[in-house]
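Here are a few exercises to work through with the model open. Try each task before you read its solution.

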Amino acid sequence: MAAQPVSRVVRRVLRAGVRSCSSGAPVTQPCPGEPVVEVPSRPRPFLGERAAPFSAFLTDSFGRRHSYLRISLTERCNLRCQYCMPEEGVPLTPKADLLTTEEILTLARLFVKEGVDKIRLTGGEPLIRPDVVDIVAQLRRLEGLRTIGITTNGINLARLLPQLQKAGLSAINISLDTLVPAKFEFIVRRKGFHKVMEGIHKAIELGYSPVKVNCVVMRGLNEDELLDFVALTEGLPLDVRFIEYMPFDGNRWNFKKMVSYKEMLDTLRQQWPELEKLPEEESSTAKAFKIPGFRGQVSFITSMSEHFCGTCNRLRITADGNLKVCLFGNSEVSLRDHLRGGASEEELLRVIGAAVGRKKRQHAGMFSISQMKNRPMILIELFLMRQDSPPALPSTFRNSLRVQVLRHRVSFSSQIVTLWKGGGVPQAPLVAQQWLGSSLPQRHFSSHLDSDANPKCLSPTEPQAPAASSGPLPDSEQLTHVDTEGRMAMVDVGRKPDTERVAVASAVVLLGPVAFKLIQENQLKKGDALAVAQLAGIQAAKLTSQLIPLCHHVALSHVQVQLELDRARHAAVIQASCRARGPTGVEMEALTAAATAALALYDMCKAVSRDIVLAEIKLVSKTGGQRGDFHRT
């Protein structure tokens, strides 16, 4: 994807003189020539200098002074990012077990008294907590606290930021992993891209500089947007922070998905050789760079490839009151229980000091961390690791749709194996928004493969028997959708037992050499044809009962659409699989997905050539049900 077009579009969004937010209220930005009020980076008048020596309770055995405290205000979030919640869901802590506002302020007061001069509020999503503005205002009164920051997904930011700034908020980190609206919905399973943009716009308008934008970079998902993000810093006071994808409980971390700092830096230097490194601040987690003449800068959070444990100065308090001295460590101590047990200030300090004293020299390294039992990110700080973080989904979103797409032109079978092992994800272009409309039933996407996935249905490389059926019942010789008098009728499945049903269907689109080359190089004017066809197939699978009159509605637990280009035939090979547990099969859903993906591909290419043939739409296999399994050669 070229850097300029997307970034130019986003800059237009951010720079619009007057825009309407979702509430209909105008959102304005200073006109050219008007002064922009900069938020001071130095202490505000209400914040006093700390005269006392730094607390021994917050100094570990390696001499690291912990002056930065992150407090999670809630475990809840209004987005469902794929890499923040584990697939099996997270059990949310009962409200009675979460820290109260008074307990949060009591702990904050204690830490600031001992030497903490920076507090960042995180979540979950901190801005969904009703009293977040009041908490900021109360923190502002703490003598010695220099910085009050917040890390947010940006959905509620434009609405709340004026109040937060007045209350004393001095630093903002906004999480944004893509500049493509359709891909945004794919990642977070919610709409809201333009609300995030409004939040960034509002922060710039109110004088925050820099506005930090946190982007977790994952191979196959958004590493192609690095240049577009950097291009935003040319005219905007942004600090775009690229974060290495990190392992947490439930996010199915895969080393192959991690794009290292050096690889990202090489990509940027190919476009901007003049990129220069900035001096590193003490205890900073970021390696900062700037392109001469650009207003903003870019940074890299290198927790995996080049850890910064030696200068770590941060501690974390989870929403349920546990103190974590290392983000990647699994040891915690409950400050909530000690508070509620009537512990004195001195007793609390001894507990805190003991925990800090046990902090290790460094974390275990990326491969060891990926095997450790640790909280899911949502239960530590949902978007912290987009400023320091990673991936996963909640209990209400277990029925996830797996989307994979391939661009490499090797053999179909070998690429499928690579796809499943690597967990590739499509890059959904702007044109794909039409497939993610709010009027359609909502589904939730994940790029991760089920650990218990049935290899028989999900791996096209497995040898399959010739077309045959097996099972207790033979194929029926009667049409099932007509009654005894020959009239159409819907089959009654009310008494059938629920069983695991899986079906795989395929289709081939013979494109011709011209259309094939344009798709291969992703040069179609309409956009990424493979991604659009893929999304069309997924949506069609979910809507099968509305398209095919006598089909039952099926609650699909899994849909996957894969596309591979076949150079020899100048063709696109489509494979769709569907899974559900119920009394009826899902072969119609799989066939509808394959056929609709083929139709969408035709639609994307018809301006180039009308000599496109849709062929070989067929059921490949089905498992489950009374009539047994079916497998085609």
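**Exercise 1.** At roughly what angle do the axes of helix α17 and helix α19 cross?

*Solution.* A word on the ground rules: this is a predicted model, where local features need pLDDT of at least 70, side-chain atom pairs count only at pLDDT 80 or more, and totals for chains, interfaces and linings use all residues. Residues are numbered from 1 along each chain as its sequence is written, and side-chain values use heavy atoms, with hydrogens and water left out.

Step 1: find α17 at residues 529-542 and α19 at residues 587-605. Helices here are DSSP runs of H or I with at least four residues, strands are E runs of at least two, and both are numbered from the N terminus.

Step 2: the two axes cross at roughly 145° and come within 7 Å. Axes are lines fitted to C-alpha atoms, for helices over the stretch in contact, and angles run from 0 to 180 degrees between N-to-C directions.

Step 3: check who touches whom (contact means heavy atoms within 4.5 Å). α17 brings residues including A533, A536 and A540, while α19 offers T596, A597 and A600 among others.

**Exercise 2.** Work out which strands stand at the edges of the open sheet of 12 strands.

*Solution.* Step 1: read off the order, β9-β10-β11-β8-β7-β6-β5-β4-β3-β12-β13-β14, with mixed pairing. Two strands pair if DSSP finds at least two bridges between them.

Step 2: β9 (276-277) and β14 (333-334) each have a single partner strand, so one side of each lacks a neighbour in the sheet.

Step 3: now add helix α6 (residues 193-205), which packs on the sheet and touches β6, β7 and β8. The direction of α6 makes about 160° with that of β6.
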